[in-house]
Amino acid sequence: MLNRIAAAALALSASLVAIVAHAQDVDLDALERDVTILAADDMEGREAGTRGHERAAGYVAGRFAAMGLEPAGDGGTYFQSVPMRRYAPTEDGNSLAIEGLGELELFEDYYVEGTAQQESGSITAPLVFIGYGLDLPDRDDFADVDLEGAVAIRVYGGPDSLNSEESAHFRSTLSKRLSDRGAVGMLLMTTPELEQIYSWDRLVEVSSHGSSMTWVGPDGRAHAEGPNILASGSLSPDLSRELLAGQEFDYDDLVAAEATPEADLPSFALGREITINFASDFADIDTPNVIGMLPGSDPAVADEYIVLTAHLDHVGIQPTPEEGDDEIFNGALDNAVGVASMIQVARMLGEEPPRRPVLVIALTAEEKGLLGSSYNAANPTVPAEQVVANVNLDMPVATYDFADVVAFGAERSNLNPQVEAAVEQFGLTLSPDPQPEQGFFTRSDQYSYVRRGVPAVYLDLGFANGGEEAQGLVFDQHYHEPSDEIDLVNFDALARFTAVNHAIARNVANMAETPAWQAGDFFGTNFGGRILGEAAGGE
Ligand SMILES: [Zn+2]
C-alpha cells in the first residue's frame, strides 16, 4: 500500500514539475516513512543472508519501481545476487609448529586460520620477517628478501610519515602484495604498538569466536585478495620474542625501533621453517544488492555511470540476549537513514534527469567487510570501464542541527568543486576531516570502487554546532547496539543532509569533464584510475 501511495504522489509531483518551484525538495514524509519501515523490528536487523535483509531488499526494490528506476540487477530484475562463503576454523584442525621452538599451544601462543579457497591443508615453509610490509618509492621492505614459497611475518603500524589512509591501504593490500611475490602464509607479531589498539587477549577472543566471509565469483572461485596465501594468523608477544631470540635484530630491538618516528625495521630470513595445518568449515549463502538505474539526458555521456551507494544490511539479531533485553539491532542510523536518503536523492534526480546515467545501489554485506560493494565493483552490471564515479552514504549521524559537512576523499579528484558548489548552495561549511587518524575513506563501501580506480566521495556531517558531542554520543552508546533506533534521528537534519547529497550527485552527474583523480594522487596512482590531464580526450 505504501508503494501505491508513493507512486501516486510521484506521478502527481512529476506532472507539476514545471510550475512548482520546489519540486526537487526532499519529501520529508517519505524520508521518515522509509527509515521507519527499514528500521522496524520486523526487518530483524537486516543481516546479510537473513530473511530480514531479504524483506528490506524487497521493500527497496518496490520503492525503486515506484519512482520509475529501471531494473539494473541480474536478468532484468532489481537484484544482483551476491554469492558469499563463510569460513570458520574447525575446532581441532588448526595448528602451528616452528622448527626449534618445542610444543606451541593454540590461543595461548598463536592462532591460525585458513582460506575460503581450500577447506584444509598443510604448508611447510621458511619464515621471513618483513617489517611492516611496505613498498614505497623510498622504502621497500621486500627488497632484500625472497618470499617465494615463504611464510611472511610482519608487525602492525608504520613510520609517522605515513598518513592513516595510506597505512590502512598498505594493511588492506598486504595479502595481495605478498601473494604476488609468491608467499603462502602471513603472520602478525604482537608488539606494544599493536597492543595499544588490540591486546593479545582481545585478538585471541575475537579470532576464537570468529568466522570470515568473502564473495564467490561468477567462475565459482572464492574471492581472495591474495590467492596464494593459504594460512594466516598471529603470534603472542612471548612467542614473538622467542622467535627473534638470537637474531641480529631481536624483539627488544624491534620494540625500540617501532617507538621511533622513522620506525626503521630490517627484513630478513629467520633461517627456520614453520609448519601450519589449517582447516575450515564452509557455508555458502546468497544475498542481494538492489540496483536501479536512472537513464541520463545526454547521449554523449551515456556510457559514464555515476554510482550512488548506501548499505542496506546491518548486524541482525543479538545471538545471546540477556533476559528482557532488546534483541534486534535496528540500525536506524547504520544505515537505514543512508538508504532512505539515497532513495530521496534518486527520486529528486528523476524529477529532472542529469546528463549522465545514475546507478542507485542498496548494497548488501557492508557489515561483513564491504562484500556487497566489493562484489559489485568487481562484477558491475554495466561494463566496468563505464563506472566513472561513486557517491556513497554510510551512517550519517543526523541527530543534531549540523552546520558543516565533511566530504571524505573529494579533494583527491575533480569531484571536489562539485561538492564545494553543493555545500555552498546550502550555506554550509565544508570542513576538513576532523579525525584523519580514523582513515574513514578506506572504511566504507566507496573504498571498493576506489580500489577499482573509481574516484569517490563520501559525505558526512561535521563537528561544528555540537556535532562532536552528538557524534561521540552515538559512537559511544549506540553504534552496533540495539539502541540504534529511530528516536535518535533528527529528520529535519536528515532532510537537509539529503538535499546536499542530491546537489552533489546532480553536480557530479552533470560535470563537464569526466570524473578523474588529481595527478599524483595516492589512490588514483596505486589503483590505475583515470588521472586528470592523462585521460583520453581530457585536457
Ligand atoms: Zn555498521
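These legends go with close-up views of a predicted model.

**View 1. The zinc ion and its protein donors.** Here the zinc ion is held by Asp 334 (OD), Glu 367 (OE), Glu 367 (OE) and His 480 (NE2). Glu 367 is listed twice, each time through OE. The donors sit 1.9 to 2.5 Å from the zinc ion. Don't look for a neat geometry: angles among the four donor atoms run from 55 to 149°, and the site is irregular. A tetrahedral label would need all angles between 85 and 135 degrees, so this site doesn't get one.

**View 2. Where the zinc donors come from in the chain.** Read along the chain, the donors of the zinc ion follow the spacing D-x32-E-x112-H. Asp 334 is part of helix α10 (residues 332-351), while His 480 is in the loop between α14 (467-478) and α15 (491-510). The pair therefore ties together parts that are 146 residues apart in sequence. Buried or exposed? Asp 334 counts as buried, at 2% relative accessibility. His 480, at 24% relative accessibility, counts as partly exposed.

**View 3. Strand β2 alongside strand β12.** Moving on to the strands, β2 (residues 79-89) and β12 (residues 268-294) run antiparallel and are joined by eleven bridges. To get your bearings, find Arg 86 and its bridge partner in β12, Ala 283.

**View 4. Strand β2 alongside strand β10.** β2 also pairs with β10 (residues 212-215), again in the antiparallel sense, over four bridges. A handy landmark here is Tyr 87, which stands opposite Ser 212 in β10.

Note on methods. Residues are numbered from 1 along each chain as its sequence is written. This is a predicted model: local features need pLDDT of at least 70, side-chain atom pairs count only at pLDDT 80 or more; totals for chains, interfaces and linings use all residues. Side-chain values use heavy atoms; hydrogens and water are left out. Donors are N, O and S atoms within 2.8 Å of the metal (3.2 Å for Na, K and Ca); water is not among the atoms, so sites may look incomplete. Four donors count as tetrahedral if all angles lie between 85 and 135 degrees; four count as square planar and six as octahedral if opposite donors are over 155 degrees apart and all others between 65 and 115; anything else is irregular. Helices (H or I, at least four residues) and strands (E, at least two) are DSSP runs, numbered from the N terminus. Buried means under 20% relative accessible area, exposed over 50%, partly exposed in between (1.4 Å probe, protein chains only). Two strands pair if DSSP finds at least two bridges between them.
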